[in-house]
Amino acid sequence: MRILKKILKLLIILIILLSIGGWMYYNHLKPSYTGEVSLKNLTTETTVYYDDYGIPHIYAENEVDASIALGYAHAQDRLWQMELLKRIAPGRLSEIFGDTMLKNDTFFASIGIDEASEEALQNLDKNSEAYKIVEAYVNGVNQFIEEGPTPIEYTLVGVKKIPFEVKDVYNIVGYMAFSFAMAQKTDPLLSSLQHKLGNEYLKELNIDILPETQLIKTTQENIEIYKTMVASINDLIDKTPIPAFEGSNSWVLNANKTTTGNVIFANDPHIGFSQPAVWYEAHVVTPTYEMYGYYLAGFPFPLLGHNRELAYGLTMFENDDIDFYKEEVHTSEKGKYKTPKGYLDFETSEKIIKIKDKDDLKLTVNKSIHGAIINDVVDGVSENSPIAMNWIYTQGENKVLDAIYKISRAKEMKDVKEGASLIHAPGLNIMYGDAKGNVAWWASAQLYKHNENINTKFILDGATIEMDSIRYLDFNENPMAENPSWNYVYSANNQPDSIAGMLYPGYYLPEDRAKRIVQLLEPKNNWNVTSVSNMINDVTSSVSSEVIKEFTKEMRFDLFFKNEQRAIDILQLWDGSNTEDSVAPTIYNMWVYQYLKFTFMDEMGEDLFNQFNTTHLAKRVIADHIKKENSIWWDNILTPEKETRKVILAAALKEAVGRLEKQLGTDIKDWNWGKVHTLEHQHPLGTIESLRKYFNVGPFPMKGAREVIDNRGYLLNDEGIYTIKAGPSTRRIVDFSDVENSISILPTGQSGVFASKHYDDQAEMFNKGEFRKMKMNKEEIISVSTKLILMPKQ
């Protein structure tokens with residue numbers, strides 16, 4: 001009995017010791033928001049005030065010290081996110097995750113981002129202020145890597161921390177640029193559809209093909225190659241552990257549109273949701289510089305920012321900056337391909353991909369004059385049909401770092417415009433407003449124009465197209481507006497007007513959000529922060545009611561069963577609002593998907609239809625196509641009858657209601673949108689079920705929908721479960737009548753450290769459409785903050 005008591009006592013002591021050890025380890029992981037830290041290369045004492053949401057307010061005597069502090073602060077909250085981001089472009093995720101990421105690594109290692117980064121770094125003026133700031137930021141990151149606690153993700157995955165490099169900054173921008181693009185999803189798909197169905201079908205999708213358009217001669221093999229190519233690239237993007245950029249809203253109102261007579265600036269970039277969130281907020285103050293900014297992990301300059309004089313932000317331009325070329329190989333001489341000027345040799349290089357717990361992979365990368373050959377890194381592209389990816393980001397001179405530095409250090413509008421003119425890729429709409437009353441936007445990208453017989457929405461013939469026939473546009477030919485007579489500027493990723501006598505090729509989103517923005521802004525001249533914050537949370541579709549009218553205007557009500565009639569009644573009475581408790585969005589989304597499936601799948605086939613469903617093209621086609629009474633797509637080619645629009649739309653409604661009855665029951669009142677429309681912010685390790693509850697944030701029932709102002713990214717499907725993948729990465733409103741009370745919100749929290757109280761402290765506010773202040777008043781900041789003092793290391 002005494003032995004048993006001793007064993008029990010020892011077990012209790014062991015449990016207590018383990019609990020104490022666990023508690024100490026847990027607290028050790030937390031970011032240091034208080035105390036004193038000594039850092040190398042600091043010249044003077046620097047103070048970081050962490051406010052009540054964990055946002056650092058950095059007060060330094062010079063910009064180099066401020067950047068060291070920023071790098072250190074950024075790393076202690078987001079080091080694991082930085083680690084993943086910097087590894088994508090050079091193809092180094094397999095070092096962490098093993099061969100599950102091998103396809104991603106071989107693809108990204110092949111397309112030239114790392115080489116473009118190296119070249120840009122070589123061309124960067126090492127004596128420039130921009131380089132000094134980058135170097136200081138990297139220095140701060142590395143000091144945390146050396147001396148700070150190791151984030152638990154490194155321990156769980158079993159990987160060591162490695163120093164950050166300046167080239168990593170460029171690689172992060174390179175991945176961001178690629179994630180903006182849509183051509184890799186759309187061009188092979190359209191080529192497949194053109195080969196399979198012909199031009200008449202594509203014209204009904206508003207893809208114009210001129211009689212003289214140069215198209216590749218087709219075989220069944222090509223159709224299969226392009227189809228598999230799309231599926232492979234989609235899979236790569238879906239598996240990447242850092243989210244892609246999707247779209248955005250922004251509008252800037254001048255003095256004539258506001259109650260205060262001052263500019264109001266609003267911006268909510270749409271990006272894939274993740275945990276931690278994409279943006280890291282920081283407020284930097286020196287005697288000569290102040291900026292409240294939003295930073296990508298590992299990037300030292302804010303892509304969004306404001307101070308007391310000006311504000312800038314961005315949306316995605318959605319221009320076409322990737323072209324694919326099918327190369328024609330020599331029939332007898334291996335390693336040669338045909339060009340308009342004769343045969344050339346492929347350039348060849350080798351790379352080593354390191355794989356956790358396995359032997360290294362030697363990767364051979366081939367390149368033509370058009371770009372990287374993606375045969376060996378994308379499933380389905382055969383050796384006899386090499387396809388080159390020509391991407392403007394890896395072709396032109398990369399001045400992105402200089403551009404964002406110039407924008408973030410701007411004193412006035414012309415400085416921001418000059419910075420915008422330096423960006424060749426990715427395509428961005430730079431939005432602007434200032435305290436002087438100016439409002440503007442500039443489409444920032446290196447635009448180019450082929451001959452009229454070249455349609456870059458298809459895979460092009462590398463053997464016949466002259467590369468020197470491409471004309472590169474000057475920046476002043478890009479779309480832009482400065483202080484327009486209509487008193488505001490806006491962007492919602494929609495097709496811009498032309499000022500160069502051409503429509504700019506791109507993969508623009510439908511007009512839904514743009515139409516709603518104009519609908520709200522145009523008639524009203526008494527905007528204030530409250531009304532703008534309501535607008536940025538607007539969940540009403542301006543297009544869905546028009547779509548429903550097209551459906552109901554020719555339907556015979558008596559031909560439907562009772563629940564189908566109730567569903568039609570709900571849709572007809574719907575104001576287009578997508579709130580959590582609404583029933584109409586649940587019916588509408590299922591019915592639209594069934595309409596798309598019944599209309600397009602018979603001709604496309606299941607694989608191509610599923611790929612079509614992932615593109616902007618599928619969104620754009622709905623409102624326009626449903627109005628076409630005699631479209632070639634209405635007939636189901638798999639049946640002997642000739643179906644009409646009326647037949648297809650009615651069948652889609654019946655199928656939608658039947659599926660919803662099975663999914664949610666026969667009582668339509670229970671078909672609430674929030675039951676099927678949910679958001680879970682996923683951490684890269686949250687895919688492991690045992691870790692999910694610790695690292696992921698959510699799930700939450702959500703308001704909003706596809707292509708409303710409060711935009712949500714999800715795929716339509718038969719199951720009727722709409723798992724949100726993307727949406728507002730921040731909602732941000734700057735009021736130049738009261739800059740210190742400007743407002744913002746993040747989707748989850750400021751910190752990526754799960755032990756931090758700021759890991760998810762904004763999530764509920766974000767879901768409700770609430771805001772918090774972007775504090776700039778020093779007394780107010782100090783009153784709610786903890787204080788971290790950074791001292792020069794002796």
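Q: At what angle do the axes of helix H5 and helix H8 cross?
A: In this predicted model, the axes of H5 (residues 113-123) and H8 (residues 166-180) cross at roughly 130 degrees and come within 9 Å. Axes are lines fitted to C-alpha atoms, for helices over the stretch in contact, with angles from 0 to 180 degrees between N-to-C directions. Helices (H or I, at least four residues) and strands (E, at least two) are DSSP runs, numbered from the N terminus.

Q: What does that make H5 relative to H8?
A: Oblique. Under 35 degrees counts as roughly parallel, over 145 as roughly antiparallel, 65 to 115 as roughly perpendicular, and the rest as oblique.

Q: Which residues in H5 and H8 meet?
A: Ile113, Asp114, Ser117, Glu118, Ala120 and Leu121 in H5 meet Val166, Lys167, Tyr170, Asn171, Gly174 and Tyr175 in H8, contact being heavy atoms within 4.5 Å.

Q: Any ground rules? What is the numbering, and which pLDDT is needed?
A: Residues are numbered from 1 along each chain as its sequence is written. Local features need pLDDT of at least 70, side-chain atom pairs count only at pLDDT 80 or more, totals for chains, interfaces and linings use all residues, and side-chain values use heavy atoms, without hydrogens and water.

Q: Now the sheet. How many strands form the open sheet, and in what order?
A: 11, in the order E1-E31-E2-E3-E6-E7-E8-E9-E17-E18-E22, with mixed pairing. Strands pair if DSSP finds at least two bridges between them.

Q: Which strands stand at the edges?
A: E1 (35-39) and E22 (480-482); each has a single partner strand, so one side of each lacks a neighbour in the sheet.

Q: How many bridges join E1 to E31?
A: Five, and E1 and E31 (residues 786-792) run parallel. Leu39 has Pro792 in E31 as its bridge partner.
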